[in-house]
Amino acid sequence: MRVILDTNILVSALLSTGSLPAQLLSHWRLGRFTLLCCEEQLDELRRVTRYPKIRERLPQALAGRLINELRSVTEMIDDLPAIDISRDPWDNYLLAMAQVGKAEYLVTGDKADLLSLSRHDRTVIITVRQMLEKL
């Protein structure tokens, strides 16, 4: 199963080790699905984890370890096409990655933009809870 986890899911997993996003990350680490990633997402993760509100709750070393793990263990997707589908332009790279990487699922907590699309190309856009049910 080919899956993309939105950056908000990755950050939530780091912030709360008992959360549903953390459970989903554990499933990935156990090899239950192939995680897709790209440089744009690593850049976003770096940026978001440096926000003062996040830095108060998350050691930078922990965020750095996840970024290194994602770079070395995920399937990195390159050469993303420019697309303009989401109302939030910062989400378009996720949709491009889903398209190029032939992702089956894009997991997000973004109700207003990504979840409202419900799918892109052949990728179904779902919540963490829905993904955990599939696993």
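This is a guided tour of the structure, stop by stop, with a selection to make at each one. The model is predicted, and residues are numbered from 1 along the chain as its sequence is written.

**The sheet**

Begin by selecting the strands, of which 6 form an open sheet with mixed pairing, in the order S3-S2-S1-S4-S6-S5. At its edges are strand S3 (75–76) and strand S5 (119–120), each of which pairs on one side only.

Next select S1 together with S4, which run parallel and are joined by 3 bridges; within this pair, Leu 5 has Val 107 in S4 as its bridge partner. Keep Val 107 highlighted and add strand S6 (residues 123–126), which is joined to S4 by 3 bridges, again in a parallel arrangement. The partner of Val 107 in S6 is Ile 126.

Moving on to S5 and S6, you will find an antiparallel pair joined by 2 bridges, in which Arg 119 stands opposite Val 124 of S6. These two strands make a hairpin with 2 residues between them, and Asp 121, in the turn, has a positive phi of about 55 degrees.

**The nonpolar cores**

Return to Leu 5 and display its surroundings: apart from neighbours within four places in sequence, Leu 5 is in contact with Leu 10, Leu 24, Leu 25, Leu 35, Gln 41 and Val 107. Which residues of the largest nonpolar core touch the most other members? Among its 30 residues they are Leu 5, Leu 24, Leu 70, Val 107 and Met 131, a set worth showing as spheres.

To see where this core comes from, colour strand S1 (2–5), helix H1 (7–15), helix H2 (20–29), strand S2 (34–37), helix H3 (39–48), helix H5 (60–73), strand S4 (105–107) and helix H8 (128–134), since each of these supplies at least two of its residues. H1 gives the most, with 5 residues. A second, separate core has 16 residues, including Leu 36, Leu 94, Leu 106 and Leu 115. As background, nonpolar side chains in soluble globular proteins tend to be buried together.

**Helix H6**

Now select residues 92–101, the span of helix H6, where 8 of the 10 residues are buried, so that the helix is largely enclosed by the rest of the structure. The buried residues of H6 are Asn 92, Tyr 93, Leu 94, Leu 95, Ala 96, Met 97, Ala 98 and Gly 101. Stepping just past the end of H6, you reach Lys 102, which takes a positive phi of about 55 degrees.

**Two cysteines**

Select Cys 37 and Cys 38. Why is there no bond between the sulfur of Cys 37 and the closest cysteine sulfur? That closest sulfur belongs to Cys 38 and is 5.8 Å away, too far for a bond, given that a disulfide requires the two sulfur atoms to be within 2.5 Å. A search of the whole structure accordingly lists 0 disulfides. Cys 37 is buried, with a relative accessible area of 0%, and Cys 38 also counts as buried, at 0% relative accessibility.

**A charge over a ring**

For the last stop, select Arg 47 and Trp 90: Arg 47 lies over the face of Trp 90, at 4.6 Å from the ring centre. If you then look for pairs of aromatic rings, the structure holds 0 of them.

Notes: Predicted model: local features only at pLDDT ≥ 70, side-chain atom pairs only at ≥ 80, totals over all residues. Heavy atoms only, no water. Buried < 20%, exposed > 50% of the residue type's maximum accessible area, 1.4 Å probe, protein only. Helix = DSSP H or I, 4+ residues; strand = E, 2+ residues; numbered from the N terminus. Phe/Tyr/Trp six-rings, centres within 6.5 Å; stacked < 30°, edge-to-face > 60°. Lys NZ or Arg CZ within 6 Å of the ring centre and 35° of its normal. Core = buried A, V, L, I, M, F, W, Y, C linked by side-chain atoms within 4.5 Å. Contact = heavy atoms within 4.5 Å. Pairing = 2+ DSSP bridges.
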